[in-house]
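Ready to practise reading a protein structure? Work through the exercises below with the model open beside you, and try each task before you look at its solution.

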Amino acid sequence: MKLALCFRLAKDNIKKNKKLYIPYAVTIGVLFSIFYVIKYLSENENLASVSYGNTICMILNAISYIILFFSLFFLCFANRLLVREETFKLGLYQVLGAKKIYTFWIFCLQQFIIYIIVFLVSIIIGSIISPYLIKLFFFLTKIKTVGGFAIDLAVIIKMSYSFGI
């Protein structure tokens, strides 16, 4: 069994089990998007330049680590539930003659495909939401600033190593 076959089986499993993987992907996407938005807000230079901006950024940074902790806990729990649901199918592959290492690769590729797709979508969603939240903050505090749509590469890098992608 080659890695290409494992990839095809992983892709087919995701397509056939949409009922299981769509809620899983949506919850992961929401967690990733929330983390991106909070990290973006905590590292925004316009926010840091206002009075008490450093304090606000420090609080948002602490909140991002709290969200990261709960997100990782939730992801471990969701993965455990997903493994329970997929145990029968992975056992069926072993009964049909696949080695354990290939069933492991199939499951890992399923997770990798889902994480990459959700990661990219959550970056896009977070990048759309973040500037509006900054503008809302400055509107509520009546501070004039200039800003627009931006994708912060530093936040993406921190997000990727925080979630282990």
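This is a predicted model, so keep that in mind as you go.

**Exercise 1. Find asparagine 13, decide whether it is buried or exposed, and list what it touches.**

Step 1: Look in helix α1, where asparagine 13 is found.

Step 2: Check its relative accessible area, which is 4%. Buried means under 20%, so asparagine 13 is buried.

Step 3: Now look for partners, skipping neighbours within four places in sequence. Asparagine 13 is in contact with Tyr21, Lys89, Tyr93, Ile106 and Gln110.

**Exercise 2. One of those partners is Gln110. In which helix is glutamine 110, how accessible is it, and which residues does it contact?**

Step 1: Go to helix α5, the place of glutamine 110.

Step 2: Read off the relative accessible area: glutamine 110 has 0%, and that makes it buried.

Step 3: Leave aside neighbours within four places in sequence again. Glutamine 110 then has contacts with Ala10, Asn13, Ile14, Tyr21 and Glu86. Notice that Asn13 turns up here, just as Gln110 turned up among the contacts of asparagine 13.

**Exercise 3. Stay on α5: compare its span with the expected one, then say what is special about the phi of lysine 142.**

Step 1: Count the residues in α5, and you get 41.

Step 2: Go from the first C-alpha to the last. The helix reaches 57 Å, close to the 60 Å expected at 1.5 Å a residue.

Step 3: Move past the end of the helix. Lysine 142 follows α5, and its phi is positive, near 60°.

**Exercise 4. Glycine 126 is in α5 too. Is it buried or exposed, and how far is it from glycine 29 in sequence and in space?**

Step 1: Glycine 126 has 0% relative accessibility, so it counts as buried.

Step 2: Along the sequence, glycine 126 and glycine 29 are 97 residues apart. In space, the C-alpha to C-alpha distance between these two glycines is 9.8 Å.

Step 3: Finish with the contacts beyond four places in sequence: glycine 126 touches Ser33, Tyr36 and Val37.

**Exercise 5. Describe leucine 90 and valine 83 in helix α4.**

Step 1: Start with leucine 90, whose relative accessibility is 16%. The cut-off for buried is under 20%, so leucine 90 counts as buried.

Step 2: Valine 83 has a relative accessible area of 37%, so it's partly exposed.

Step 3: Look at distances between C-alpha atoms. Leucine 90 and asparagine 54 are 36 residues apart along the chain and separated by 50 Å. Valine 83 and isoleucine 22 are 61 residues apart along the chain, with 15 Å between them.

Step 4: Add the contacts of leucine 90, not counting neighbours within four places in sequence: Thr103, Ile106 and Phe107.

**Exercise 6. Work out which residues of helix α6 are buried, which are exposed, and what covers the buried ones.**

Step 1: Go along α6, residues 153–162, and pick out the buried residues: Val155, Ile156, Met159, Ser160 and Ser162.

Step 2: Ask how they sit around the axis. They cover an arc of only 165°, so they are on the same side of α6.

Step 3: Turn to the other side of α6, where Leu153 and Tyr161 are exposed.

Step 4: See what lies over the buried residues of α6. The cover includes α2 (18–42), α4 (53–95) and α5 (100–140).

**Exercise 7. Describe the largest pocket: how much space does it hold, and what lines it?**

Step 1: The space in the largest pocket is about 320 Å³.

Step 2: Its lining has 15 residues, and those closest to the pocket's centre are Tyr21, Ala25, Ile114, Ile117 and Val118.

Step 3: Sort the lining by element. α1 (3–16), α2 and α5 each give two or more residues, and α2 gives the most, with 7.

Step 4: Sort the lining by class, and you find 11 nonpolar, 1 polar and 3 charged residues.

Note on methods
Residues numbered from 1 in each chain as written. Predicted model: local features only at pLDDT ≥ 70, side-chain atom pairs only at ≥ 80, totals over all residues. Heavy atoms only, no water. Buried < 20%, exposed > 50% of the residue type's maximum accessible area, 1.4 Å probe, protein only. Helix = DSSP H or I, 4+ residues; strand = E, 2+ residues; numbered from the N terminus. Arc of directions from axis to C-beta. Contact = heavy atoms within 4.5 Å. 1 Å grid on protein atoms, 1.4 Å probe; cavity = no way out; pocket = protein on both sides within 12 Å on 5 of 7 lines; lining within 4 Å. Points joined across faces, edges and corners; volume = space filled by probe spheres on them. Nonpolar A, V, L, I, M, F, W, Y, C, P; charged D, E, K, R; others polar. Expected span 1.5 Å × (residues − 1).
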